[in-house]
Structures are given as structure tokens and as C-alpha cells.
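Please look over the sequence and the 3D structure shown below before reading on, and keep both in view while you follow the explanation.

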Amino acid sequence: MLIGTHRNTVDPKFRASIPASFRDILGKRLVLTLNMENPKCIRAYTYEKYQELLGRLLEAKKSGTMDTRGVERYFVEAAKCIELDSQYRMVLPPELRQKAHITKDICTIGRIEFVEIWDSETYDANEERYDQSNTEDVARSLGML
């Protein structure tokens, strides 16, 4: 399970370390893509999870019941397969790094099945980025309250 917020810095070669608690779950092969909810953020998936999601997208596209072009734009066109080095560092691709405005300080956030990578300033400025109006209702329906 990928959980928690970790702050880190990107080195001059734009390499970022994967938090130790994420390493066994993520493995060495990842797919990075834009976050559809907020394209100022990069999402990192295990290669296997990304393949599973691509399969669902392909099925929806084949069925003709959904217009999948918007999802393809963020999820497929922007995607980059990467390999972590021996020190569990990933090189953030320039296209994704620029869209997410990542320069030096980052937040790596576990979201259970994937990881978000934010520029720290952007993340901090968007602390109230989600609609809180239904948070209590959702938590209650899940038995968390």
C-alpha cells in the first residue's frame, strides 16, 4: 500500500529518490504520466498497474460507448516508461517536469495504488485543492467515522 507524504529534492540531473517505504511496492519499472485531476502533478504507476488501466481504457474504446480521447491525451500520450537506478532514483522526464513546474523541492505522496509527484510550492499552495463538502459523508459511508 502506498501511503504518506515524503518531501525530497531533485538533483541537478533531475533525479528524485523513491521513498524507502514505496520501493518494494513500486519495483524498478514505472510509468509516469500527467494527473488528469490536476496536470500540475505527475502520477507514477507500477508497470503492471498501468497495463491493467490501459486494458480497461482499450475495452472502453473498443466498445464505442465512451469518448476516450481526453483520457488518452493525459494518460497515454503523456506517459513515459522509466527504470529506477540502483539507488532507487528516477529521472523526471522534461515534458512532465515542465508541466508539473518541478524545479527542485518535491512532495511524493502515496495514494494507495499510485504515487503523486508535486513541486513542493505547488502542493503547499493547493492544500485546499479538493472539495471538502462531501468528505465527511464519504468517510461515514466507508465506515471511517
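In what follows, a contact means that heavy atoms lie within 4.5 Å. Counted in this way, 61% of the contacts in the protein with a separation of 6 or more are made by residues 24 or more positions apart. The model is a predicted one, in which local features need pLDDT of at least 70 and side-chain atom pairs count only at pLDDT 80 or more, while totals for chains, interfaces and linings use all residues. Residues are numbered from 1 along each chain as its sequence is written, and side-chain values use heavy atoms, with hydrogens and water left out.

The secondary structure consists of six helices and eight strands, where helices (H or I, at least four residues) and strands (E, at least two) are DSSP runs numbered from the N terminus. Read along the sequence, these elements follow the pattern β-β-α-β-β-α-α-β-β-α-β-β-α-α. The protein has 145 residues, of which 37% count as buried; buried means under 20% relative accessible area, exposed means over 50%, and partly exposed lies in between, with a 1.4 Å probe and protein chains only. About 8,900 Å² of the protein is exposed, and carbon and sulfur atoms supply 51% of that area, as found by the Shrake-Rupley method with a 1.4 Å probe, for which only the protein chains shown count as cover for residues.

How are the strands of the open sheet ordered? Six strands form this sheet in the order β1-β7-β8-β4-β3-β5, with antiparallel pairing, and two strands are said to pair if DSSP finds at least two bridges between them. Because β1 and β5 (80–83) stand at the edges with a single partner strand each, one side of each is left without a neighbour in the sheet. From one strand to the next, the twist averages 25°, with axes taken as lines fitted to C-alpha atoms, for helices over the stretch in contact, and angles running from 0 to 180 degrees between N-to-C directions. Helix α2 (residues 47–63) packs on the sheet, where it touches β3 (29–34), β4 and β5, and its direction makes about 100° with that of β4.

The pairs of strands can now be followed one by one. Strand β1 and strand β7 (residues 105–112) pair in the antiparallel sense over eight bridges, and within this pairing I106 in β7 is the bridge partner of N8. Strand β7 is in turn joined to β8 by five bridges, again antiparallel, and the two form a hairpin with two residues between them; here I109 stands opposite E116 in β8. On β8 (residues 115–119) there is also an antiparallel pairing with β4 (residues 41–46), over four bridges, in which V115 of β8 faces A44.

Some single residues complete the picture. T46, which lies in strand β4, counts as buried because its relative accessibility is 12%, and T46 touches I25, L26, R29 and L30, leaving aside residues up to four places away in sequence. Is K13, in the loop between β1 and β2 (15–17), buried or exposed? K13 is exposed, since its relative accessible area is 58%, and its C-alpha atom is separated by 8.9 Å from that of L92, 79 residues apart along the chain. M1, found in the segment before β1 (2–9), is likewise exposed, with a relative accessible area of 65%.
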